[in-house]
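Please work through the exercises below with the structure in view, trying each task before reading its solution.

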Amino acid sequence: MPAALPPVGTDGRSPGRTGRTAPRVARRSVFSGFSAASLAIVLLAGCSGGSEEPGDDGRSPASGAPTTYPASTAPATIPAVRDFESARGPGWKPGRDSRVVADPDGPLADEARTVAGELGLEAAAGPAREGDLELAIDKDRKGGSEAYRITTGDGRVRITGAGDAGVFYGTRTVLQALRSGDRVPEGVIDDRPDRPQRGFMLDIARKHFTAGWIEDRIREIADLKYNQLGLHFSDDQGFRIESDSHPEVVSEQHLTKKELRRILDLAERLHVTVIPEIDSPGHLGAVMRAHPGLQLRNAEGTPARGAVNIADPRAAKIVDELLREFAGEFPGRWFHVGADEYRALMAEDPEAAYPDLAAAARRAHGSGARVQDLATQWLNDRAEVVRKADKQPKAWNDGFFEGGSVQPDRDIEVEYWTGKEIGAREPADYLREGRKVVNLNDEYLYYVLGEPNDFTYPTGERIYRDWTPAVLRGTEPVPANLATRDKVLGGRFAVWCDLAGAQTQAQVADGIRMPLRALAQKLWDPRDPSADWKAFRGLADRLDEKG
């Protein structure tokens, strides 16, 4: 398993989807310009421990001769820093009297306590002095709230950003620079992400994951500058978070509200937004076990697996009560409402297979309405529920249909995972409609336990070598003018637990380790890296070994 950053205690130190049924059919490089060979030299140089550091007079303590420093090179980090201005000097590493300096009553107090605990230093009010690591807000800093600058010189380091998230990411770079090269190099780092949404999604509905394991993943992805964790906690196999509004739907193995709050508190401190997902109107088997009267049946009376009868107002009532409850539990901006793989719409002729739904659609939306219109209205209604709770709705791409009497609301973010479903639309269709899209391309970004339906466990190498945020379906990118960061908002690596017993928690953590690192790099900077996969993997090993 990769080494994870420890939690921060009160003293500032460390206490100690699928159910997917479809078959599978730069200006600077990742290391800011150095090759695999020079990377090895940088990494080896970091092993020296700096034993020949100059004294106060600038001379070598061994010979007394003046010390001349070579031009510094960019630190080796994942993701790599985007811009580095080299300088000559010893760089910085924490010493016996070093401190982390920030206003203890200001917006960076949490960031200071976190990195101080990780480095074993004292958090102090300042002013900063030689040997210190200083954190500061610079409201004039360009590049957005996640951009940051690290200035290293005169025996100290200063991290600035327009927002606390950017400063936090600067501390991640400092930690990784110390792991990979023993010090933060002299010079100036200017860094920023390419995409605003950089996420990891975990299916805890089909497989129960412990709170501690989830917290370890939060620390891991925060170190890689991810800013989202999706929790798919309701599906046919289980409903995995304690519920006050509908305790009867909760599975025996689940997260308690107390555990959830602990997860959310850690995520907030590490600038990771946790996105809940209650998938409907399909994937609701756990809810229907307690409410079998909500089950959708076709014309022959055969149950449609996981699907509720969207013509029955009782189904909407229960789902909305759950949405409202958990919108109040999760403080983040987004709520995922699902909308994928509704069995009625996977039939070759939905109107013939589900005549009751077709009749309900005509009653609600006119004589020409179809089942897809009833389903689209369901999506819009659920989106409105979470919108009224101050959440931005998200939904899977196969819940959005062309034509019809009812159109999906424009503000629902499209999470594009597959183009293999019946009647699937090209990702460019959504982008040309002006919809915002997040990339979960199942060709690259799906880790499906047990490898059903021709899925294979991704190693990360294909992501690193071939994938970019523009590659939304299969292996071909959408046109560049449709793939800008304001249209394709980012991407998310997804773990789906279709065959829950196929891997243990430890095996999942080990299996997703390199894919998470590869995706972190390509979401931060999608340009072609110059270092090959072997060098990238070697860097990951070194960073994790010292983490």
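The exercises that follow concern a predicted model, and each one is solved step by step.

**Exercise 1. State how many helices and strands the chain has, and what share of its residues counts as buried.**

Solution. The secondary structure of the chain comes to 14 helices and 18 strands. Turning to burial, the chain has 547 residues, of which 58% count as buried. The accessible surface of the chain comes to about 21200 Å², and 48% of this surface belongs to carbon and sulfur atoms.

**Exercise 2. Find which salt bridges Glu220 forms with Arg217 and Arg517, and work out where the partners lie.**

Solution. We begin with the general idea that side chains of opposite charge can pair when their charged atoms come close. The cut-off needed here is a side-chain nitrogen of Lys or Arg within 4 Å of a carboxyl oxygen of Asp or Glu.

- Step one: the N to O distance between Glu220 and Arg217 is 2.8 Å, and their side chains meet in a salt bridge. Both residues belong to helix α4, which covers residues 211-223, and because they are three residues apart there, about one helical turn separates them. Glu220 and Arg217 are both buried.
- Step two: Glu220 also meets the side chain of Arg517 in a salt bridge, with 2.7 Å from N to O. Since Arg517 lies in helix α13 (residues 505-524) and Glu220 in helix α4, this pair ties together parts that are 297 residues apart in sequence. Arg517, like Glu220, is buried.
- Step three: these residues belong to a network of salt bridges that links Arg217, Glu220, Arg513, Arg517, Asp541 and Asp544. Over the whole model, the count comes to 43 salt bridges.

**Exercise 3. Decide whether Arg435 and Glu433 count as buried or partly exposed.**

Solution. Arg435 and Glu433 form a salt bridge whose closest N and O atoms are 2.9 Å apart. The cut-off for buried is under 20% relative accessible area. Arg435 has 2% relative accessibility and therefore counts as buried, whereas Glu433, at 28%, counts as partly exposed.

**Exercise 4. Describe how α13 packs with α14, and which residues make the contact.**

Solution. The axes of α13 and helix α14 (residues 533-546) are 11 Å apart and make an angle of about 110 degrees. Angles of 65 to 115 degrees count as roughly perpendicular, and the two helices are therefore roughly perpendicular to each other. On the α13 side the contact is made by Arg513, Met514, Arg517, Ala518 and Gln521, and on the α14 side by Trp533, Phe536, Arg537, Ala540, Asp541 and Asp544. Sorted by class, this contact has five nonpolar, one polar and five charged residues.

Definitions and conventions
Residues numbered from 1 in each chain as written. Predicted model: local features only at pLDDT ≥ 70, side-chain atom pairs only at ≥ 80, totals over all residues. Heavy atoms only, no water. Helix = DSSP H or I, 4+ residues; strand = E, 2+ residues; numbered from the N terminus. Buried < 20%, exposed > 50% of the residue type's maximum accessible area, 1.4 Å probe, protein only. Axes fitted to C-alpha atoms, helices over the stretch in contact; angles between N-to-C directions. Parallel < 35°, antiparallel > 145°, perpendicular 65-115°, else oblique. Contact = heavy atoms within 4.5 Å. Nonpolar A, V, L, I, M, F, W, Y, C, P; charged D, E, K, R; others polar. Areas by Shrake-Rupley, 256 points an atom, 1.4 Å probe, with all protein chains shown as cover.
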